[in-house]
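The exercises below treat one predicted model. Work each task with the structure open, then compare with the solution.

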Amino acid sequence: MLRRIIVIRSGAVLEAVRVAGLRFDDTYRPVRISGRLGVPNDRPGALGFDYRSAGPASYCVRGECDDEDVIARLLRERRADVVGVYADPEIAAFPEPYCGPGAVGSEADVADRLGVPALRAAGLTGHEVRVAIVDTGIDGRQIPVSGGWSPNRDYRPGSAPPAHGTMVAYDVRIAAPDARILDYALLQSRAETWTALLSDAIAAYADLLQVLERDAGPLVVNNSWGIYDRAQDAPIGSPENYSANPHHPFNQVVGSIVAAGADVFFAAGNCGADCPSRQCGTKDVGPGASIHGANSHPDVLTVAAVTVTDRRLGYSSQGPGGLTRRKPDLAGFSHFRGSGVYPVDTGTSAASPVAAGAAAALRQRVSTTRLRPAQVKGLLQRTARDLEGNGWDFDLGYGVLDAAAALLAIGAP
Amino acid sequence: MTAVTALFAGTGVRLDDSYGPLLIDPGRGRHVVRGEATLEARRRAEAIPGVQFFADVRQAPMS
(Lines give C-alpha, C1' and ligand atoms only; values in the text may rest on other atoms or scores of the structure.)
Protein backbone atom coordinates (compact mmCIF):
# COMPACT_ATOMS: atom_id res chain seq x y z
CA MET A 1 0.00 0.00 0.00
CA LEU A 2 1.33 3.40 -1.01
CA ARG A 3 0.43 6.45 1.06
CA ARG A 4 0.74 9.78 -0.77
CA ILE A 5 0.19 13.50 -0.27
CA ILE A 6 -1.75 14.89 -3.23
CA VAL A 7 -1.79 18.62 -3.95
CA ILE A 8 -4.83 19.76 -5.96
CA ARG A 9 -5.71 23.14 -7.40
CA SER A 10 -8.24 25.42 -5.78
CA GLY A 11 -11.73 24.85 -7.16
CA ALA A 12 -11.19 21.23 -8.08
CA VAL A 13 -13.84 18.87 -6.83
CA LEU A 14 -12.30 16.06 -4.88
CA GLU A 15 -14.61 13.42 -6.25
CA ALA A 16 -13.78 14.55 -9.80
CA VAL A 17 -10.07 14.13 -9.10
CA ARG A 18 -10.40 10.53 -7.99
CA VAL A 19 -9.22 7.79 -10.37
CA ALA A 20 -9.81 4.04 -10.03
CA GLY A 21 -7.66 2.53 -7.28
CA LEU A 22 -7.11 5.81 -5.42
CA ARG A 23 -8.66 6.10 -1.95
CA PHE A 24 -8.78 9.53 -0.30
CA ASP A 25 -8.43 9.65 3.48
CA ASP A 26 -11.74 11.18 4.62
CA THR A 27 -10.35 11.77 8.12
CA TYR A 28 -7.70 14.15 6.82
CA ARG A 29 -8.93 17.73 6.56
CA PRO A 30 -7.56 19.37 3.36
CA VAL A 31 -4.74 21.77 4.19
CA ARG A 32 -4.42 25.02 2.27
CA ILE A 33 -1.02 25.54 0.61
CA SER A 34 -0.15 29.20 0.14
CA GLY A 35 2.26 30.57 -2.43
CA ARG A 36 5.43 32.07 -1.02
CA LEU A 37 4.99 35.80 -0.56
CA GLY A 38 7.59 38.16 -1.98
CA VAL A 39 9.46 35.60 -4.09
CA PRO A 40 7.03 34.91 -6.96
CA ASN A 41 9.69 33.83 -9.45
CA ASP A 42 11.83 31.84 -7.06
CA ARG A 43 11.35 28.18 -7.82
CA PRO A 44 13.28 26.02 -5.38
CA GLY A 45 14.35 23.42 -7.92
CA ALA A 46 16.35 21.38 -5.44
CA LEU A 47 13.21 20.69 -3.47
CA GLY A 48 11.26 19.78 -6.60
CA PHE A 49 8.14 21.66 -5.57
CA ASP A 50 6.81 24.47 -7.71
CA TYR A 51 5.22 26.99 -5.36
CA ARG A 52 4.02 29.10 -8.31
CA SER A 53 1.97 26.26 -9.70
CA ALA A 54 0.64 25.57 -6.23
CA GLY A 55 -0.77 29.09 -6.44
CA PRO A 56 -2.24 31.06 -3.61
CA ALA A 57 -4.91 28.48 -2.84
CA SER A 58 -4.01 24.90 -3.61
CA TYR A 59 -4.92 22.13 -1.21
CA CYS A 60 -3.11 19.17 0.17
CA VAL A 61 -5.07 15.95 0.74
CA ARG A 62 -4.03 12.45 1.73
CA GLY A 63 -4.70 9.28 -0.17
CA GLU A 64 -3.53 5.74 -0.68
CA CYS A 65 -3.37 3.23 -3.49
CA ASP A 66 -1.89 -0.17 -4.17
CA ASP A 67 0.66 0.57 -6.87
CA GLU A 68 2.53 3.26 -8.79
CA ASP A 69 0.29 2.79 -11.86
CA VAL A 70 -2.55 4.53 -10.03
CA ILE A 71 -0.32 7.54 -9.32
CA ALA A 72 0.85 7.65 -12.92
CA ARG A 73 -2.77 7.55 -14.10
CA LEU A 74 -3.74 10.30 -11.65
CA LEU A 75 -0.98 12.56 -12.93
CA ARG A 76 -1.82 11.79 -16.54
CA GLU A 77 -5.62 11.92 -16.46
CA ARG A 78 -6.13 14.65 -13.85
CA ARG A 79 -3.33 16.97 -14.96
CA ALA A 80 -5.61 20.00 -14.86
CA ASP A 81 -6.48 19.49 -11.20
CA VAL A 82 -3.44 17.85 -9.67
CA VAL A 83 -0.36 19.97 -8.88
CA GLY A 84 1.70 17.04 -7.68
CA VAL A 85 1.89 13.80 -5.74
CA TYR A 86 4.42 13.42 -2.93
CA ALA A 87 5.72 10.76 -0.60
CA ASP A 88 4.26 10.64 2.90
CA PRO A 89 6.93 8.75 4.85
CA GLU A 90 6.53 7.88 8.50
CA ILE A 91 8.48 10.18 10.73
CA ALA A 92 9.52 9.69 14.32
CA ALA A 93 11.39 11.54 17.00
CA PHE A 94 15.14 10.77 17.03
CA PRO A 95 15.73 8.42 19.93
CA GLU A 96 17.73 9.61 22.89
CA PRO A 97 21.30 8.36 23.03
CA TYR A 98 21.63 5.12 24.98
CA CYS A 99 23.46 5.39 28.28
CA GLY A 100 22.28 2.26 30.09
CA PRO A 101 24.68 -0.33 31.50
CA GLY A 102 22.95 -3.38 30.05
CA ALA A 103 23.85 -5.02 26.75
CA VAL A 104 21.61 -4.30 23.77
CA GLY A 105 21.45 -7.47 21.69
CA SER A 106 24.04 -10.10 20.99
CA GLU A 107 26.83 -10.71 18.51
CA ALA A 108 24.26 -12.56 16.34
CA ASP A 109 22.30 -9.31 16.12
CA VAL A 110 25.50 -7.45 15.25
CA ALA A 111 26.26 -9.93 12.46
CA ASP A 112 22.75 -9.66 11.10
CA ARG A 113 22.59 -5.85 11.21
CA LEU A 114 26.12 -5.47 9.83
CA GLY A 115 25.34 -7.52 6.72
CA VAL A 116 27.41 -10.61 7.54
CA PRO A 117 24.92 -12.98 5.82
CA ALA A 118 25.63 -11.19 2.52
CA LEU A 119 29.38 -11.50 3.10
CA ARG A 120 29.03 -15.22 3.82
CA ALA A 121 26.86 -15.75 0.73
CA ALA A 122 29.69 -14.22 -1.29
CA GLY A 123 32.24 -16.45 0.46
CA LEU A 124 33.91 -13.55 2.24
CA THR A 125 35.32 -14.42 5.65
CA GLY A 126 38.55 -12.43 5.70
CA HIS A 127 40.53 -15.42 4.43
CA GLU A 128 44.24 -14.54 4.00
CA VAL A 129 43.63 -10.96 5.15
CA ARG A 130 45.88 -9.84 8.01
CA VAL A 131 44.29 -7.90 10.85
CA ALA A 132 46.68 -6.35 13.36
CA ILE A 133 45.09 -5.87 16.77
CA VAL A 134 47.13 -3.11 18.38
CA ASP A 135 45.94 -3.52 21.95
CA THR A 136 46.55 -5.24 25.30
CA GLY A 137 47.52 -8.61 23.81
CA ILE A 138 45.38 -11.60 22.88
CA ASP A 139 44.55 -14.85 24.64
CA GLY A 140 45.60 -17.35 21.99
CA ARG A 141 43.53 -20.09 23.61
CA GLN A 142 40.43 -18.21 22.46
CA ILE A 143 41.68 -16.48 19.31
CA PRO A 144 44.29 -18.09 17.06
CA VAL A 145 47.07 -15.60 16.28
CA SER A 146 49.61 -15.60 13.43
CA GLY A 147 52.41 -13.51 14.90
CA GLY A 148 52.77 -10.11 16.42
CA TRP A 149 54.91 -7.67 18.32
CA SER A 150 55.27 -6.13 21.77
CA PRO A 151 57.52 -3.58 23.45
CA ASN A 152 58.03 -6.31 26.04
CA ARG A 153 60.61 -8.56 24.39
CA ASP A 154 59.61 -11.51 26.57
CA TYR A 155 56.05 -11.42 25.29
CA ARG A 156 54.95 -14.26 23.02
CA PRO A 157 52.03 -13.33 20.70
CA GLY A 158 48.81 -14.96 21.92
CA SER A 159 50.04 -15.36 25.50
CA ALA A 160 48.06 -12.52 27.11
CA PRO A 161 45.34 -13.14 29.70
CA PRO A 162 41.79 -12.61 28.37
CA ALA A 163 41.20 -8.87 28.49
CA HIS A 164 40.53 -5.89 26.24
CA GLY A 165 42.67 -7.11 23.30
CA THR A 166 40.92 -10.49 23.28
CA MET A 167 37.53 -8.76 23.18
CA VAL A 168 38.68 -6.63 20.26
CA ALA A 169 40.03 -9.63 18.32
CA TYR A 170 36.79 -11.51 18.98
CA ASP A 171 34.77 -8.61 17.59
CA VAL A 172 36.86 -8.46 14.39
CA ARG A 173 36.00 -12.11 13.82
CA ILE A 174 32.23 -11.46 13.81
CA ALA A 175 32.61 -10.46 10.16
CA ALA A 176 36.04 -11.95 9.44
CA PRO A 177 36.40 -15.31 11.24
CA ASP A 178 39.16 -16.48 8.89
CA ALA A 179 41.31 -13.35 9.07
CA ARG A 180 44.93 -13.84 10.14
CA ILE A 181 45.07 -12.10 13.49
CA LEU A 182 48.34 -10.36 14.42
CA ASP A 183 48.78 -9.66 18.12
CA TYR A 184 50.41 -6.24 18.62
CA ALA A 185 50.46 -6.17 22.41
CA LEU A 186 51.10 -2.47 22.83
CA LEU A 187 49.19 -1.61 26.00
CA GLN A 188 50.83 -2.93 29.15
CA SER A 189 49.21 -3.60 32.50
CA ARG A 190 50.20 -1.04 35.12
CA ALA A 191 48.51 -0.54 38.49
CA GLU A 192 45.29 -2.30 37.45
CA THR A 193 44.99 -0.37 34.20
CA TRP A 194 46.30 -0.79 30.68
CA THR A 195 48.39 1.98 29.16
CA ALA A 196 51.09 2.63 26.57
CA LEU A 197 53.31 5.49 25.58
CA LEU A 198 53.02 6.93 22.10
CA SER A 199 56.69 6.13 21.56
CA ASP A 200 55.77 2.44 21.88
CA ALA A 201 52.88 2.94 19.46
CA ILE A 202 55.40 4.44 17.01
CA ALA A 203 57.54 1.30 17.45
CA ALA A 204 54.49 -0.90 16.77
CA TYR A 205 53.72 1.00 13.59
CA ALA A 206 57.35 0.95 12.46
CA ASP A 207 57.14 -2.84 12.77
CA LEU A 208 53.88 -2.91 10.79
CA LEU A 209 55.56 -0.85 8.05
CA GLN A 210 58.17 -3.60 7.79
CA VAL A 211 55.41 -6.24 7.69
CA LEU A 212 53.90 -4.44 4.69
CA GLU A 213 57.31 -4.05 3.09
CA ARG A 214 57.88 -7.82 3.29
CA ASP A 215 54.37 -8.65 2.02
CA ALA A 216 52.21 -6.00 0.39
CA GLY A 217 49.01 -8.08 0.80
CA PRO A 218 45.94 -6.72 2.58
CA LEU A 219 46.48 -5.47 6.13
CA VAL A 220 43.79 -3.99 8.36
CA VAL A 221 44.94 -2.32 11.59
CA ASN A 222 42.59 -1.81 14.53
CA ASN A 223 43.27 0.68 17.31
CA SER A 224 40.74 0.73 20.15
CA TRP A 225 42.67 3.17 22.33
CA GLY A 226 43.57 6.83 22.64
CA ILE A 227 43.90 9.69 25.12
CA TYR A 228 41.12 10.64 27.49
CA ASP A 229 42.67 13.75 28.96
CA ARG A 230 44.62 16.32 26.98
CA ALA A 231 46.10 17.66 30.21
CA GLN A 232 48.70 14.89 29.71
CA ASP A 233 49.63 16.32 26.29
CA ALA A 234 51.73 19.35 25.41
CA PRO A 235 49.42 22.34 24.82
CA ILE A 236 47.77 22.79 21.43
CA GLY A 237 49.93 25.17 19.41
CA SER A 238 53.13 23.90 21.03
CA PRO A 239 55.43 22.17 18.48
CA GLU A 240 55.51 19.15 20.84
CA ASN A 241 51.73 18.72 20.87
CA TYR A 242 50.15 15.40 19.83
CA SER A 243 46.38 15.85 19.91
CA ALA A 244 46.11 18.49 17.17
CA ASN A 245 49.54 18.35 15.53
CA PRO A 246 49.88 16.55 12.16
CA HIS A 247 53.68 16.73 12.50
CA HIS A 248 53.78 14.57 15.64
CA PRO A 249 55.74 11.42 14.71
CA PHE A 250 52.89 9.10 15.61
CA ASN A 251 50.54 11.00 13.32
CA GLN A 252 53.25 10.87 10.66
CA VAL A 253 53.78 7.12 10.91
CA VAL A 254 50.02 6.54 10.75
CA GLY A 255 50.01 8.47 7.46
CA SER A 256 52.96 6.38 6.25
CA ILE A 257 51.27 3.06 6.91
CA VAL A 258 48.09 4.10 5.11
CA ALA A 259 50.23 5.28 2.18
CA ALA A 260 51.86 1.84 2.21
CA GLY A 261 48.45 0.18 1.79
CA ALA A 262 46.98 -0.53 5.24
CA ASP A 263 43.35 0.15 6.15
CA VAL A 264 43.55 1.75 9.59
CA PHE A 265 40.65 1.96 12.04
CA PHE A 266 40.59 4.01 15.24
CA ALA A 267 37.94 4.12 17.93
CA ALA A 268 36.51 7.66 18.11
CA GLY A 269 36.70 7.71 21.92
CA ASN A 270 34.36 7.43 24.89
CA CYS A 271 33.94 11.07 25.82
CA GLY A 272 30.60 11.84 24.19
CA ALA A 273 28.51 14.51 25.87
CA ASP A 274 25.66 12.31 27.14
CA CYS A 275 27.51 9.82 29.33
CA PRO A 276 31.28 10.23 29.06
CA SER A 277 33.76 7.83 30.63
CA ARG A 278 34.99 8.87 34.07
CA GLN A 279 38.50 8.93 32.60
CA CYS A 280 37.71 11.90 30.34
CA GLY A 281 39.40 15.17 31.16
CA THR A 282 37.13 17.95 32.36
CA LYS A 283 37.71 19.87 29.12
CA ASP A 284 37.67 16.78 26.93
CA VAL A 285 33.98 15.92 26.72
CA GLY A 286 31.46 16.38 23.92
CA PRO A 287 31.44 18.01 20.49
CA GLY A 288 34.80 19.33 19.34
CA ALA A 289 36.65 18.21 22.45
CA SER A 290 36.67 14.43 22.40
CA ILE A 291 38.45 13.01 19.30
CA HIS A 292 42.18 13.59 19.49
CA GLY A 293 45.44 12.86 17.67
CA ALA A 294 45.58 9.82 15.38
CA ASN A 295 41.99 8.96 16.33
CA SER A 296 41.12 12.01 14.19
CA HIS A 297 43.76 11.44 11.48
CA PRO A 298 42.49 12.32 8.00
CA ASP A 299 43.67 9.00 6.51
CA VAL A 300 42.08 6.62 9.05
CA LEU A 301 38.51 5.50 9.59
CA THR A 302 37.33 6.95 12.88
CA VAL A 303 34.53 4.81 14.31
CA ALA A 304 31.69 6.06 16.52
CA ALA A 305 29.31 3.66 18.32
CA VAL A 306 25.63 2.72 18.06
CA THR A 307 23.54 -0.12 19.49
CA VAL A 308 22.10 -2.83 17.24
CA THR A 309 18.81 -0.92 17.56
CA ASP A 310 20.47 2.07 15.87
CA ARG A 311 20.64 4.28 18.96
CA ARG A 312 23.76 6.37 19.32
CA LEU A 313 25.71 5.35 22.39
CA GLY A 314 25.91 8.44 24.57
CA TYR A 315 29.57 7.93 25.39
CA SER A 316 30.62 7.92 21.72
CA SER A 317 32.96 10.86 21.12
CA GLN A 318 31.80 13.65 18.83
CA GLY A 319 33.60 15.74 16.24
CA PRO A 320 35.08 18.00 15.09
CA GLY A 321 38.35 16.13 15.57
CA GLY A 322 41.71 17.53 16.62
CA LEU A 323 43.52 16.82 13.33
CA THR A 324 40.51 16.76 10.99
CA ARG A 325 37.24 18.57 11.55
CA ARG A 326 35.02 16.01 9.72
CA LYS A 327 35.15 13.23 12.31
CA PRO A 328 33.97 10.61 13.05
CA ASP A 329 33.76 8.88 9.66
CA LEU A 330 31.09 6.30 10.44
CA ALA A 331 29.64 4.18 13.22
CA GLY A 332 29.92 0.54 14.20
CA PHE A 333 27.86 -1.58 16.59
CA SER A 334 28.80 -1.80 20.24
CA HIS A 335 27.38 -2.51 23.70
CA PHE A 336 26.33 -6.09 22.92
CA ARG A 337 26.84 -9.56 24.44
CA GLY A 338 29.80 -10.91 22.54
CA SER A 339 33.24 -12.11 23.55
CA GLY A 340 32.37 -13.13 27.11
CA VAL A 341 35.58 -11.47 28.26
CA TYR A 342 33.31 -8.85 29.82
CA PRO A 343 29.52 -9.01 30.35
CA VAL A 344 29.18 -6.41 27.57
CA ASP A 345 31.49 -5.69 24.63
CA THR A 346 31.38 -1.97 25.07
CA GLY A 347 32.80 1.39 24.10
CA THR A 348 33.99 2.60 20.74
CA SER A 349 36.59 -0.09 21.56
CA ALA A 350 34.08 -2.70 20.33
CA ALA A 351 32.60 -0.58 17.52
CA SER A 352 35.97 -0.14 15.81
CA PRO A 353 36.85 -3.87 15.44
CA VAL A 354 33.31 -4.68 14.32
CA ALA A 355 33.88 -2.20 11.48
CA ALA A 356 37.47 -3.35 10.88
CA GLY A 357 36.27 -6.96 10.57
CA ALA A 358 33.79 -5.96 7.89
CA ALA A 359 36.59 -4.20 6.01
CA ALA A 360 38.78 -7.31 6.34
CA ALA A 361 36.04 -9.48 4.84
CA LEU A 362 35.64 -7.06 1.92
CA ARG A 363 39.43 -6.93 1.46
CA GLN A 364 39.35 -10.63 0.65
CA ARG A 365 37.72 -9.56 -2.63
CA VAL A 366 39.43 -6.24 -3.37
CA SER A 367 43.21 -5.97 -3.30
CA THR A 368 45.00 -2.75 -2.39
CA THR A 369 46.02 -2.41 -6.03
CA ARG A 370 42.35 -2.40 -7.06
CA LEU A 371 41.17 -0.14 -4.22
CA ARG A 372 43.61 1.98 -2.20
CA PRO A 373 42.81 2.54 1.49
CA ALA A 374 41.34 5.95 0.72
CA GLN A 375 38.98 4.33 -1.78
CA VAL A 376 37.87 1.67 0.72
CA LYS A 377 37.30 4.45 3.21
CA GLY A 378 35.16 6.29 0.64
CA LEU A 379 33.27 3.08 -0.18
CA LEU A 380 32.40 2.44 3.47
CA GLN A 381 31.37 6.07 3.97
CA ARG A 382 29.29 6.18 0.81
CA THR A 383 27.39 2.98 1.59
CA ALA A 384 26.84 3.64 5.31
CA ARG A 385 23.24 3.87 6.57
CA ASP A 386 22.47 7.46 7.46
CA LEU A 387 20.41 7.26 10.65
CA GLU A 388 19.38 10.83 11.16
CA GLY A 389 18.59 11.57 7.51
CA ASN A 390 20.76 14.66 7.41
CA GLY A 391 23.84 13.30 5.66
CA TRP A 392 27.17 13.52 7.43
CA ASP A 393 27.18 14.73 11.05
CA PHE A 394 29.57 15.10 13.98
CA ASP A 395 27.89 12.30 15.98
CA LEU A 396 27.95 9.34 13.58
CA GLY A 397 29.76 10.61 10.48
CA TYR A 398 28.15 9.16 7.37
CA GLY A 399 26.11 6.65 9.40
CA VAL A 400 26.31 2.99 10.35
CA LEU A 401 28.66 0.73 8.40
CA ASP A 402 26.67 -1.55 6.08
CA ALA A 403 28.84 -4.39 4.78
CA ALA A 404 26.08 -5.74 2.53
CA ALA A 405 25.69 -2.36 0.81
CA ALA A 406 29.47 -2.01 0.44
CA LEU A 407 29.65 -5.49 -1.08
CA LEU A 408 26.90 -4.60 -3.53
CA ALA A 409 28.82 -1.45 -4.50
CA ILE A 410 32.07 -3.27 -5.29
CA GLY A 411 30.20 -5.83 -7.38
CA ALA A 412 31.40 -9.15 -8.70
CA PRO A 413 35.08 -10.16 -8.39
CA MET B 1 72.05 4.04 16.99
CA THR B 2 75.75 4.78 17.09
CA ALA B 3 75.30 7.66 14.67
CA VAL B 4 72.38 9.05 16.72
CA THR B 5 74.37 8.75 19.95
CA ALA B 6 77.19 10.66 18.28
CA LEU B 7 74.76 13.30 17.03
CA PHE B 8 73.51 14.01 20.56
CA ALA B 9 76.93 13.77 22.23
CA GLY B 10 77.57 16.71 24.51
CA THR B 11 73.94 17.88 24.59
CA GLY B 12 73.08 16.11 27.85
CA VAL B 13 70.15 14.22 26.29
CA ARG B 14 69.86 10.70 27.76
CA LEU B 15 68.83 8.38 24.92
CA ASP B 16 66.95 5.11 25.46
CA ASP B 17 69.44 2.65 23.93
CA SER B 18 66.76 -0.03 23.59
CA TYR B 19 64.56 2.15 21.36
CA GLY B 20 65.08 2.90 17.68
CA PRO B 21 65.98 4.76 15.67
CA LEU B 22 62.65 3.95 14.02
CA LEU B 23 61.84 4.92 10.43
CA ILE B 24 58.43 6.62 10.44
CA ASP B 25 58.34 8.24 7.02
CA PRO B 26 60.22 6.29 4.35
CA GLY B 27 59.53 9.04 1.80
CA ARG B 28 61.25 11.75 3.81
CA GLY B 29 63.63 9.56 5.79
CA ARG B 30 62.37 10.66 9.21
CA HIS B 31 63.44 8.65 12.23
CA VAL B 32 62.39 8.64 15.90
CA VAL B 33 64.44 7.97 19.03
CA ARG B 34 63.33 8.18 22.67
CA GLY B 35 65.03 9.85 25.58
CA GLU B 36 64.95 12.26 28.48
CA ALA B 37 66.34 15.75 28.66
CA THR B 38 66.55 18.70 30.97
CA LEU B 39 65.38 22.00 29.50
CA GLU B 40 69.00 23.00 28.96
CA ALA B 41 69.89 19.68 27.28
CA ARG B 42 66.85 20.00 25.11
CA ARG B 43 67.77 23.55 24.08
CA ARG B 44 71.22 22.33 23.02
CA ALA B 45 69.78 19.35 21.10
CA GLU B 46 67.20 21.48 19.30
CA ALA B 47 70.04 23.61 17.96
CA ILE B 48 71.02 20.60 15.84
CA PRO B 49 69.35 20.99 12.40
CA GLY B 50 66.43 18.58 11.96
CA VAL B 51 66.08 17.64 15.63
CA GLN B 52 62.58 18.11 17.08
CA PHE B 53 61.02 17.09 20.41
CA PHE B 54 57.47 15.76 20.75
CA ALA B 55 55.22 14.77 23.62
CA ASP B 56 55.15 11.05 24.57
CA VAL B 57 51.53 10.86 25.69
CA ARG B 58 50.10 7.90 27.59
CA GLN B 59 47.29 6.01 25.79
CA ALA B 60 44.49 3.85 27.22
CA PRO B 61 41.83 1.43 25.91
CA MET B 62 38.49 2.91 24.77
CA SER B 63 36.26 0.60 26.83
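## Exercise 1: a sheet shared by two chains

Strand 10 of chain A and strand 5 of chain B are joined by two bridges and run antiparallel.

**Task.** Determine the order of the four strands in the open sheet and find which strands stand at the edges.

**Solution.**
1. Start from the pair just named: in it, Leu197(A) lies opposite Arg58(B) of strand 5 of chain B.
2. Look at strand 5 (residues 58–61) of chain B again: strand 12 of chain A also pairs with this strand, in the antiparallel sense and over two bridges. Here Trp225(A) has Pro61(B) as its bridge partner.
3. Write down the order, which is 9(A)-10(A)-5(B)-12(A), with antiparallel pairing.
4. Read off the edges: strand 9 (188–190) and strand 12 of chain A have a single partner strand each, so one side of each has no neighbour in the sheet.
5. Add the helix: helix 7 of chain A lies across strand 10 of chain A together with strand 5 of chain B, at about 70° to strand 10 of chain A.

## Exercise 2: the contact between the chains

**Task.** State how many residues each chain gives to the contact, and which element of chain A supplies the largest share of its side.

**Solution.**
1. Count by chain: 39 residues come from chain A and 21 residues from chain B.
2. List the elements of chain A that supply at least two residues each: strand 10 (193–197), helix 7 (198–214), strand 12 (225–226), helix 8 (249–259) and helix 9.
3. Pick out the largest share: helix 7 of chain A gives six residues.
4. Sort the side of chain A by class: 18 residues are nonpolar, 19 polar and two charged.

## Exercise 3: a hairpin in chain B

**Task.** Describe the pairing of strand 2 and strand 3 of chain B and find which residue of their hairpin takes a positive phi.

**Solution.**
1. Strand 2 (residues 22–25) and strand 3 (residues 30–32) of chain B form three bridges and are antiparallel.
2. One facing pair consists of Asp25(B) and, in strand 3 of chain B, Arg30(B).
3. Four residues lie between the strands, and Gly29(B) in this hairpin has a positive phi near 65°.

## Exercise 4: the seven-stranded sheet

**Task.** Give the strand order and pairing sense of the open sheet of seven strands in chain A.

**Solution.**
1. The order is 7-8-6-11-13-14-15, and the pairing is parallel.
2. Strand 7 (145–149) and strand 15 (330–333) of chain A are the edge strands, each pairing on one side only.
3. On average, neighbouring strands of this sheet are turned by 30° against each other, direction ignored.
4. Inside the sheet, take strand 6 (residues 130–135) and strand 11 (residues 219–223) of chain A: five bridges link them in the parallel sense. Arg130(A) stands opposite Leu219(A) of strand 11 of chain A.

## Exercise 5: two packings of helix 9

**Task.** Describe how helix 9 of chain A packs on helix 11 and on helix 6 of chain A.

**Solution.**
1. Helix 9 (residues 347–363) and helix 11 (residues 403–410) of chain A pack at about 25°, with their axes 10 Å apart. The angle therefore makes these two helices of chain A roughly parallel.
2. The crossing of helix 9 with helix 11 of chain A is right-handed.
3. Ala358(A), Ala361(A) and Leu362(A) of helix 9 meet Ala403(A), Ala406(A), Leu407(A) and Ile410(A) of helix 11 of chain A. This contact has seven nonpolar, no polar and no charged residues.
4. Helix 6 (residues 164–172) of chain A packs on helix 9 of chain A at an angle of about 40°, with axes 7 Å apart. Their crossing is right-handed.
5. The residues in this contact include Met167(A) and Val168(A) of helix 6 and Pro353(A) and Ala360(A) of helix 9 of chain A. By class there are eight nonpolar, three polar and one charged residues.

## Exercise 6: one residue of helix 9

**Task.** Decide whether Ala360(A) is buried or exposed, and list its contacts beyond its neighbours within four places in sequence.

**Solution.**
1. Ala360(A) belongs to helix 9 of chain A.
2. Within 10 Å there are 32 other C-beta atoms, so Ala360(A) is buried; the cut-off is 20 or more.
3. Its contacts, with those sequence neighbours left aside, are Gly126(A), Val129(A), Val131(A), Val172(A), Ala176(A), Ala179(A) and Val220(A).
4. Pro218(A) is 142 residues from Ala360(A) along the chain, and their C-alpha atoms are separated by 8.1 Å.

Conventions
Residues numbered from 1 in each chain as written. Chains lettered and ligands numbered in written order. Predicted model: local features only at pLDDT ≥ 70, side-chain atom pairs only at ≥ 80, totals over all residues. Pairing = 2+ DSSP bridges. Axes fitted to C-alpha atoms, helices over the stretch in contact; angles between N-to-C directions. Parallel < 35°, antiparallel > 145°, perpendicular 65-115°, else oblique. Left-handed = near helix turned anticlockwise from the far one by under 90°. Contact = placed C-beta atoms within 7 Å. Nonpolar A, V, L, I, M, F, W, Y, C, P; charged D, E, K, R; others polar. Buried ≥ 20, exposed ≤ 12 C-beta atoms within 10 Å, placed from the backbone.
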